[in-house]
Amino acid sequence: MAARIEAFPEQLRSGAGIAAPVLRHLSPERPRRLVLFGMGGSAIAGDLLRAIAEREGAAPVHVVRHYTPPAWLTPEDFLVFSSYSGETEETLAAFEATRALGARTVILSTGGTLAAQAGAAGIPAAFLPPGHPPRAALGLSFSTLATIAGHVGVVPGLGDRIEGAAQMVDRVVSGCGTRVLQSRNLAKKLAIRLAGHAVLVIGGERGLAAVAQRWKGQLNENAKQLAWASALPEMNHNEVDGFAGPRAAVGRLAVVLLREPDEHPRIAARFAWLAAYLKRKGVPAVATLAEGDDTASRLLGAAALGDFVSYYLALQNGVDPSALPGVLSLKE
């Protein structure tokens, strides 16, 4: 797992090549919206793309985590079915349910049933390199998706910015990798602060809220540690009163505040209030500031930091970050 996390930049640099065969079959006109179907690690790339599109896109992005497609789909939409294994039952069911729609469609997968069904239907497929847990293939899935989204005009030019994002993640790897001493390693320091706590990760809506969702999943799967994600400003309208109790649960909680240098001034004020409020409640809170002027670089750099934190927490918890006993038990 450590090697896969440290290979995140190289994964990002692979997406253009993976997407190239698909682009030859895709007309470049902009769709009404891009809709990605996926679950777990195969869906998080769509969340990051949605955050970028909400800030600078030419068409909206939706992520569907369900067996049934939404009723508002039209032939003018662009559909992406993402299943690393090609065997995700929710994604397969949604794929089958949309076949009569006639919308432009691509799949992201290593193969499996999804690739076979797409091939039989003449639907282009971007084949990701196999051999990774889906959550450890985010660089592959995001860069491939970003290249496709840029090609069809959902976020024009996004594919050309992947190298800048890879360089940002390079810096995270250089500062947080396994060979970097704890005294100089932000991820190791954060893991120590979060050890023994259930974790709530908070980001700003239309920004790092998507990264908070990634942190939550990585803490759950890699570290085998309870974690949740929330977003500002919404959580200020309800969750803040939940810190009253039960006291035993609140006392075991820690909060991560994912900050941006150019966040909305009222979001910045809410973060500042929240930090003081949590201190009064006796809840430890740590803040991180995402770096970079480019939205994609900032999101991916912050996601990479969370990947390292989840790995170091796994070591502290004495668990295998690659194993998924709960998920496998459920599938069986």
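Which residues in α8 meet which residues in α12? I opened the notebook with this point, working from a predicted model.

**Entry 1: α8 against α12**

I located helix α8 at residues 186-194 and helix α12 at residues 295-317. On the α8 side I listed Leu186, Ala187, Lys188, Leu190, Ala191, Ile192 and Leu194; they meet Leu305, Phe308, Val309, Tyr312, Leu313 and Gln316 in α12. Sorted by class, this contact of α8 with α12 holds 11 nonpolar, 1 polar and 1 charged residues. I then looked up the geometry: the axes of α8 and α12 come within 8 Å and cross at roughly 55 degrees. I therefore entered α8 as oblique to α12. The crossing of these two helices, α8 and α12, is right-handed.

**Entry 2: α7 against α12**

I turned next to helix α7, residues 162-176, which packs on α12 at an angle of about 30 degrees, with the axes 8 Å apart. Angles under 35 degrees count as roughly parallel, so I recorded α7 as roughly parallel to α12. The crossing of α7 and α12 is right-handed. From α7, the residues Gly164, Ala165, Met168, Val169, Val172, Val173 and Cys176 take part; their partners in α12 are Ala296, Ser297, Leu300, Gly301, Ala304, Leu305, Phe308 and Tyr312. The contact of α7 with α12 divides into 12 nonpolar, 3 polar and no charged residues.

**Entry 3: the nonpolar core**

I asked which residues have the most contacts inside the largest nonpolar core. They are Leu34, Phe142, Val211, Trp215 and Val309, in a core of 80 residues. Helix α12 gives the most to this core, with 12 residues. I followed up Val211: leaving aside neighbours within four places in sequence, Val211 is in contact with Leu48, Leu258, Leu299, Ala302 and Ala303.

**Entry 4: two buried residues**

Is Thr91 buried or exposed? I found Thr91 in helix α4, residues 89-97. Thr91 has a relative accessible area of 2%, and buried means under 20%, so Thr91 is buried. Not counting residues up to four places away in sequence, Thr91 touches Phe37, Gly38, Met39, Phe81, Ser82 and Ser83.

I placed Met235 in the loop between β7 (227-232) and α10 (247-250). Met235 counts as buried because its relative accessibility is 0%. Beyond neighbours within four places in sequence, Met235 is in contact with Ile202, Ser230, Val240, Phe243 and Leu274. I also checked Met235 against Gly122: they are 113 residues apart along the chain, and their C-alpha atoms are separated by 44 Å.

**Entry 5: cis peptide bonds**

I noted a cis peptide bond joining Leu232 and Pro233, with omega about 10 degrees. Pro233 lies in the loop between β7 and α10. The peptide bond from Gly245 to Pro246 is cis as well, with omega near 0 degrees. I assigned Pro246 to the loop between β7 and α10.

**Entry 6: positive phi**

I looked up Arg206, which is not a glycine yet has a positive phi of about 60 degrees. Arg206 lies in the loop between β6 (198-204) and α9 (209-221). I entered Arg206 as exposed because its relative accessibility is 54%.

Lys224, which is not a glycine, has a positive phi of about 55 degrees. I found Lys224 in the loop between α9 and β7. Its relative accessibility is 32%, so Lys224 counts as partly exposed.

Key. Residues numbered from 1 in each chain as written. Predicted model: local features only at pLDDT ≥ 70, side-chain atom pairs only at ≥ 80, totals over all residues. Heavy atoms only, no water. Core = buried A, V, L, I, M, F, W, Y, C linked by side-chain atoms within 4.5 Å. Buried < 20%, exposed > 50% of the residue type's maximum accessible area, 1.4 Å probe, protein only. Helix = DSSP H or I, 4+ residues; strand = E, 2+ residues; numbered from the N terminus. Contact = heavy atoms within 4.5 Å. Axes fitted to C-alpha atoms, helices over the stretch in contact; angles between N-to-C directions. Parallel < 35°, antiparallel > 145°, perpendicular 65-115°, else oblique. Left-handed = near helix turned anticlockwise from the far one by under 90°. Nonpolar A, V, L, I, M, F, W, Y, C, P; charged D, E, K, R; others polar.
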